[in-house]
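Me: Could you walk me through reading a structure like this one, feature by feature?

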Amino acid sequence: MYRHLIAFAAATLCAATAHAQTSVTLSGLTDVYVGSMKMAGDADRRSVVNSGGMTTSWFGFTGSEDLGGGLKANFQLTSFIQVDAGTQGRFPGDTFFSRDANVSLSGSFGSVLLGRWMAPNFLPSVVGNPLGDSFTFSPLILHKNVPLFNASGWQATTPSDTGWSNQIAYSTPDIGGFKANLQYQFGELPGDNGKKNVGANFFYFGGPLTLTGYYERDQISNPGQGTYLGTTKKDWMLAAAYDFNVVKPYLSYGQTKADNSPGKAKTMQVGASAPLGGGSLLASWVKTELTDSDLDRKTFTLGYDYNLSKRTDVYAMYMNDKITNQSTGNSFGVGIRHRF
């Protein structure tokens, strides 16, 4: 009996020590809005209760274990969800953990990550515009990442989604406000193992100044296992913002080009955010020019985001969307976003 008690005490102590060194967190975000939506080229207006007005709703687990000597093991398993209907993923056929599914080691050297994670284009696009990661109302995100399934035939300018599967990524430590990520996605295509995606991005946060940008060379589609795009597509963007306290202006410019096409997609954005009351006034205008077809798209959004608490905010947005030779779209919505 004494030996059993000793063993039990030792096991309990080991478990307590492991618990002290390891943390697992359940977190997420729910965002639902009510709106009347009409994009450029739409034949009719839609009245909706939809998920993800300002941020795509998600939930999942993240964890970290202290391995000693400043070294940590980390993991992320997070999934998108459409809260209005309780549907998994961003769209039909989206993989379950399409937001994150990875493991990494981090320390004074930075971090090395394996699995599914953000593509190089995603975070600079979010940081570089006042409406963040809104796939509904942010003009920059819409032009770069959301195709229109209507008469316009508008295609997203970002070649290969906002997340990459089967990748290895190295992230530098913070060096005087500067950080960078180097990313490589394995194509894993039978008989054509040379196809891949490669890219990099950087961030500089120096007081009121923010600078960011990315470059991608893409041959593989996402999400999931992915297939060959049929060509090589190159995509880059540079963005800057400066916080004057009373207003924070944003400016970005980027281009996309495919090897099998002579034309380019040139995207410019001008935006601003300004504190107002208990929230922020947000505005963004984006123009994308398709040089091989003399078509362009211009989208403008004006809105207000009010903070009810540190975790909950409500918002109201108006958006105007125009594409050459297509009907003009006007959309508006009000919603609530909660983080947990």
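What follows is a dialogue on strands, turns, surface and charges.

Me: Before we start, what kind of model is this?

Reply: This is a predicted model, where local features need pLDDT of at least 70 and side-chain atom pairs count only at pLDDT 80 or more, while totals for chains, interfaces and linings use all residues. Residues are numbered from 1 along each chain as its sequence is written, and side-chain values use heavy atoms, with hydrogens and water left out.

Me: Okay, strands. Which strands does E1 pair with?

Reply: General idea first. Strands (E, at least two residues) and helices (H or I, at least four) are DSSP runs numbered from the N terminus, and two strands pair if DSSP finds at least two bridges between them. Now the case here: E1 (residues 22-37) runs antiparallel to E3 (residues 58-68), joined by eight bridges. Eight bridges also join E1 to E18 (residues 329-339), again antiparallel. With E2 (residues 46-51), E1 pairs in the antiparallel sense over six bridges.

Me: Where can I check that register by eye?

Reply: Try three spots. Ser27 sits opposite Gly60 in E3, Leu29 faces Arg339 in E18, and Val32 stands opposite Ser51 in E2.

Me: And how many bridges join E11 and E12?

Reply: E11 (residues 209-220) and E12 (residues 228-242) pair over 11 bridges, in the antiparallel sense. Thr210 has Ala241 in E12 as its bridge partner. On to the next strand: nine bridges join E12 to E13 (residues 248-258), also antiparallel, and there Ala239 is partnered by Ser252 in E13.

Me: Which backbone oddities should I look for in the loops?

Reply: Look for cis peptides and positive phi values. A cis peptide bond joins Asn222 and Pro223, with omega about 5°, and Pro223 belongs to the loop between E11 and E12. The hairpin of E12 and E13 has five residues between the strands, and Asn245 in it takes a positive phi near 75°. Glu188 isn't a glycine, yet its phi is positive, about 55°; you'll find Glu188 in the loop between E9 and E10 (196-206). Asp294, another residue other than glycine, has a positive phi near 55° and sits in the loop between E15 (279-290) and E16 (295-307).

Me: Is Asp294 buried or exposed?

Reply: Here's the scale: buried means under 20% relative accessible area, exposed over 50%, and partly exposed in between (1.4 Å probe, protein chains only). Asp294 counts as exposed because its relative accessibility is 68%. Glu188, at 41%, is partly exposed.

Me: Which residues make up the nonpolar surface patch?

Reply: Patches take residues with over 30% relative accessible area and no salt bridge; like charges are joined within 9 Å, nonpolar side chains (Val, Leu, Ile, Met, Phe, Trp, Tyr) within 5 Å. Here the nonpolar patch consists of Leu67, Val103, Leu105, Phe109, Val112, Leu114, Ile168, Tyr184 and Phe186, together offering about 730 Å² of accessible area (Shrake-Rupley method, 1.4 Å probe; for residues, only the protein chains shown count as cover). At least two of its residues come from each of E6 (100-107), E7 (110-118) and E9 (178-186). Phe186, for one, lies in E9 and is partly exposed at 42%.

Me: What does Lys179 touch beyond its sequence neighbours?

Reply: Contact means heavy atoms within 4.5 Å. Leaving aside neighbours within four places in sequence, Lys179 contacts Thr172, Pro173, Asp174, Asn201, Phe202 and Phe203. Lys179 is in E9, and its C-alpha lies 9.4 Å from that of Gly110, 69 residues away in sequence.

Me: Last one: how many salt bridges are there?

Reply: Side chains of opposite charge can pair when their charged atoms come close. The rule asks for a side-chain nitrogen of Lys or Arg within 4 Å of a carboxyl oxygen of Asp or Glu, and by it the count is 10. One of them joins Arg297 and Asp321, at 3.0 Å from N to O. Arg297 is in E16 and Asp321 in E17 (residues 312-323), so this pair ties together parts 24 residues apart in sequence. Both Arg297 and Asp321 are buried.

Me: What about Lys234?

Reply: Lys234 forms a salt bridge with Asp259, with the closest N and O atoms 3.5 Å apart. Lys234 lies in E12 and Asp259 in the loop between E13 and E14 (264-276), so the pair links parts 25 residues apart in sequence. There is also a network of salt bridges linking Arg90, Asp94, Arg116 and Asp161.
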